[in-house]
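Welcome, and please open the model in your viewer. We will go from stop to stop, with something to select at each one.

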Amino acid sequence: MPTSEKEEIVLRGIAASPGVVHGPAFLFLQKELEIPSYEVSQENQGYELARFEQAILETRMQISAIRNEIAEELGDEEAQIFDAHLLVLDDKALLEETVLEVQNSGLNIEYCVHQVITRYLEAFSSIDDDYIKERVTDIRDVSRRLLRNLMGYADFSFKKLAQGRIIVSEDLTPSETACLDKGTVLAFVTDEGSRTSHTTIMARSIEVPAVVGLHDITQRVHSDDTILVDGYEGLVILNPTDERLHRYGQIKLEREHLQQIFQREASLPAETIDGHSIVLMSNIEGNEPPDQITRYGAQGVGLFRTESIFLRDQSFPGEEAQFKVYRHYVEELSPQPVIIRTLDLGGDKSGFGDYFPDNESNPFMGFRAIRFCLKHTDVFKDQLRAILRSSSYGKVKIMFPMISGLPELLAALGVLEEAKQELLSRGQAFDPHIRIGSMIEIPSAAYTADLLAEHCHFFSIGTNDLIQYMLAVDRVNDRIAHLYEPNHPAVIRMIKAVIDAGHKKGIPVGICGEMAGDPLYAPLLIGLGADDLSIAPVCLPEIKYLLRKVHKSEAEQLAAKVIEFGDSKTIFETLRKFYLDHVNQVNPNVS
Ligand code: PEP
Ligand code: MG
């Protein structure tokens, strides 16, 4: 049916990453496979076993192909995980048990495979042994692939996705998003997700338009349906009419024109009208070309989310591999600083490796970031040595995530000291005066900021987490996204308290959460006294443009007014009015 004959439907979600595109959908469903169960007569059991053999053959071929690809791209060591997967397919006991299950139960092969695998996983899961845990992950991965093959699902990899599709999914993990290629994928839209989930943050970093939190888009769209994605307003339009497409063609042009206006000022100084300098830096994920960071006008990197390197490779790269990546950015951006944050895996950024417990009931409050690093000091020290070594090629600072209080900061500093000693004994160079920062993203750290400030050189407030922990609102849960309020009076007061505590002890305080890149909040943060803002590169030109239209005293007055308000709505309206008063003359789309 031609597009125009189907009914047009407009769905509203959360604007996750800017851009307007339209094209064919690709439905990528990830929910647990529904395993069919039916009886098979004795004479047909041979057929079931032949299907089993065929599926094993296919699975082996697919895994070998991935293994070779990874070996070529990343080296043999990284590819070894797939050798372990191949071994699962050769496991004699597992194969024999499956054959017996078919013979004894008289049921179809998918069901029997699933039964046997479930028994294996249950038996292994209760054993607390690192080797066994690794095998559990291997068996789970391989059996999923085997079952998909048995059920006739096509082998899927984002890398093989046909050019120019819009991915429609329940949700994407940050590691899947990390593998998306801007040249291949037009956009993605998901049922779940929020503005501060790491999937969304990565979408902005790779500049792929996205709308999330659409609740049921996977129920409404089929592969190859035409959809239009408006990542600015958070709209998805199914079967857009010709009129709608025409109108969006114009909106796209207007947006591009606006972006050009912002971009024209990108290389000008980041300062208010009255000449007050502000440091504007970039948040990066380690896959952005360094010249893109400078093109958008950043004065260095304020937050390098290093875990993205791990997620993209689905492995723990060692010291040498990390050193190469860090050095690349440090050298290319020198003399601008690069603030490298140590690993923040866990929360919504796990799902690979065997260090992480499966199904933590509360992952954002679980085994995450510095908690993980202080437990696995081998992984932590590999990273610290790599960062330290990169510091002799430019200006590097180290930042610890998820610090909850002084003992944790001191423990992290202790491991850093050991890493320094190891480099000294190896005779390898690093900056002996390297600056150390603590992220302030847990309320307990915010309340003890005066104590933490005694032991570090700077603070960076991670508002994404600070808000979720202060307001008890899961940052990735679309059902309560309306309760995730950066404009909550408590959040604004807390930010002010941390800035004041840092300044009292003579250290600078920056903001690196998504609030810093939001034009509504950037003037407020400057008015509250923030020394620097670290922002997704693509959002930076607009923030610079806006701040160059503002007097520092106006921003301070705004902050002084807002901090007195007791309700989020009044705060929001006040910020919105301030924004409109300053940029409406050039932004036709703001209303
Ligand atoms: C934050 O929490 O605000 C932050 C910048 O860190 P992340 O989003 O990576 O958790
Ligand atoms: Mg955080």
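Contact here means heavy atoms within 4.5 Å. With that in mind, select Leu533: leaving aside neighbours within four places in sequence, its contacts are Val279, Leu280, Met281, Ile511, Ala516, Ala522, Leu525, Ile526, Ile543 and Leu547.

Before moving on, some ground rules. This is a predicted model, where local features need pLDDT of at least 70 and side-chain atom pairs count only at pLDDT 80 or more, while totals for chains, interfaces and linings use all residues. Residues are numbered from 1 along each chain as its sequence is written, chains are lettered from A and ligands numbered from 1 in the order in which they are written, and side-chain values use heavy atoms, with hydrogens and water left out.

**The cores**

Now add Phe400 and Phe459 to Leu533: these three touch the most other members of the largest nonpolar core, which has 104 residues. A nonpolar core is a set of buried Ala, Val, Leu, Ile, Met, Phe, Trp, Tyr and Cys residues joined through side-chain atoms within 4.5 Å. Buried means under 20% relative accessible area, exposed over 50%, and partly exposed in between (1.4 Å probe, protein chains only). Next, colour helix H19 (residues 489-504), which gives this core its largest share, seven residues. Helices (H or I, at least four residues) and strands (E, at least two) are DSSP runs, numbered from the N terminus. Apart from this core lies another, of 26 residues, including Val88, Cys112, Leu146 and Leu150.

**The magnesium ion**

Which protein residues are donors of the magnesium ion (ligand 2)? Select Glu441 (OE) and Asp465 (OD), which lie 2.0 to 2.1 Å from the ion. Donors are N, O and S atoms within 2.8 Å of the metal (3.2 Å for Na, K and Ca); water is not among the atoms, so sites may look incomplete. Glu441 sits in the loop between strand S13 (435-440) and helix H16 (443-447), and Asp465, 24 residues apart from it, in helix H18 (residues 463-471). Glu441 is buried, at 2% relative accessible area, and Asp465 is buried at 2% as well.

**Rings**

Last, show the aromatic side chains, which form nine pairs in the whole structure. Rings of Phe, Tyr and Trp (its six-membered ring) pair if their centres lie within 6.5 Å; planes under 30 degrees apart count as stacked, over 60 as edge-to-face and the rest as tilted. Zoom to Tyr120 and Phe124, an edge-to-face pair with 5.9 Å between centres and 70° between planes. They are four residues apart in helix H4 (residues 109-125), so about one helical turn separates them. Finish at Phe310, Phe316, Phe367 and Phe372, a cluster linked by ring pairs.
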